[in-house]
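Colleague: I'd like a close look at one small part of this model, with the terms explained as you go. Please start from a single residue and work outward.

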Amino acid sequence: VIQYPVGGGFLHKHNDKDPDNLDSQVNLLIPITSKKKGKNSKFKTFSTGGLYYIINKEKVNIEKFLKAGDLIFHNLNIDHGVNSIDDHKNLDLISFNGRVSLNFSVGKFFII
């Protein structure tokens, strides 16, 4: 579980390249909070920032397409990061807030 708290939580642009796993691993993300609040959601939303991918050399924020519980796949080669979450607000490290997601790296294993 990763929390990017209200008040500026962020992640610099990076990729997850690993020469040993490039062809056998994929990353999965499940947002727990989102900019779009579902009618049954008990979690707080956030208003600015969020997950982005670099597509054709442009930073594309994908949060407007997501809601809590969606499943996001990406390969290890794509550059991505998280723009500051509600950086216009005071930093809140006490409560459960901001952008929260479950992140998994799933590998393909072979039995010989």
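Does Thr33 count as buried or exposed, and why?

Modeller: Thr33 counts as buried because its relative accessibility is 4%; buried means under 20% relative accessible area, exposed over 50%, and partly exposed in between, using a 1.4 Å probe and protein chains only. Before we go on, a word on the ground rules: this is a predicted model, in which local features need pLDDT of at least 70 and side-chain atom pairs count only at pLDDT 80 or more, while totals for chains, interfaces and linings use all residues. Residues are numbered from 1 along each chain as its sequence is written, and side-chain values use heavy atoms, leaving out hydrogens and water.

Thr33 belongs to the loop between strand 3 and strand 4 (50–55). Strands here are DSSP runs of E with at least two residues, helices are runs of H or I with at least four, and both are numbered from the N terminus. From that loop, the side chain of Thr33 reaches the backbone oxygen of Gly98 at 2.8 Å. A polar atom of the same side chain of Thr33 also lies 2.9 Å from the backbone nitrogen of Val100. Both are polar contacts, meaning a pair of N or O atoms within 3.5 Å; within protein, one must be able to donate a hydrogen and the other to accept it, and residues adjacent in sequence count only if both atoms are side-chain atoms.

Now step back into strand 3 (residues 25–31), where you will find Asn27. Asn27 counts as buried because its relative accessibility is 6%. Its side chain makes a polar contact of 2.6 Å with the side chain of Asp16. Leaving aside residues up to four places away in sequence, Asn27 touches Asp16, Ile72, Phe73, His74, Leu76, Phe104 and Ser105, where contact means heavy atoms within 4.5 Å. Gln25 brings us to a partner from much later in the chain: its C-alpha atom is 5.4 Å from that of Val106, although 81 residues separate them along the sequence. Val106 lies in strand 8 and counts as partly exposed because its relative accessibility is 35%.

On the other side of the Thr33 loop comes strand 4, which pairs in the antiparallel sense with strand 5 (residues 58–61) over four bridges; pairing requires at least two bridges found by DSSP. One bridge joins Ile54 to Lys59 in strand 5. The charged end of Lys59 also sits over the ring of Tyr52, 4.5 Å from its centre, the rule being that NZ of Lys or CZ of Arg is within 6 Å of the ring centre and within 35 degrees of the ring normal.

The turn of this hairpin has two residues between the strands, and Asn56 takes a positive phi near 50 degrees there. Lys57, in the loop between strand 4 and strand 5, has a positive phi of about 65 degrees although it is not a glycine. Most residues other than glycine have a negative phi. Lys57 counts as exposed because its relative accessibility is 83%.
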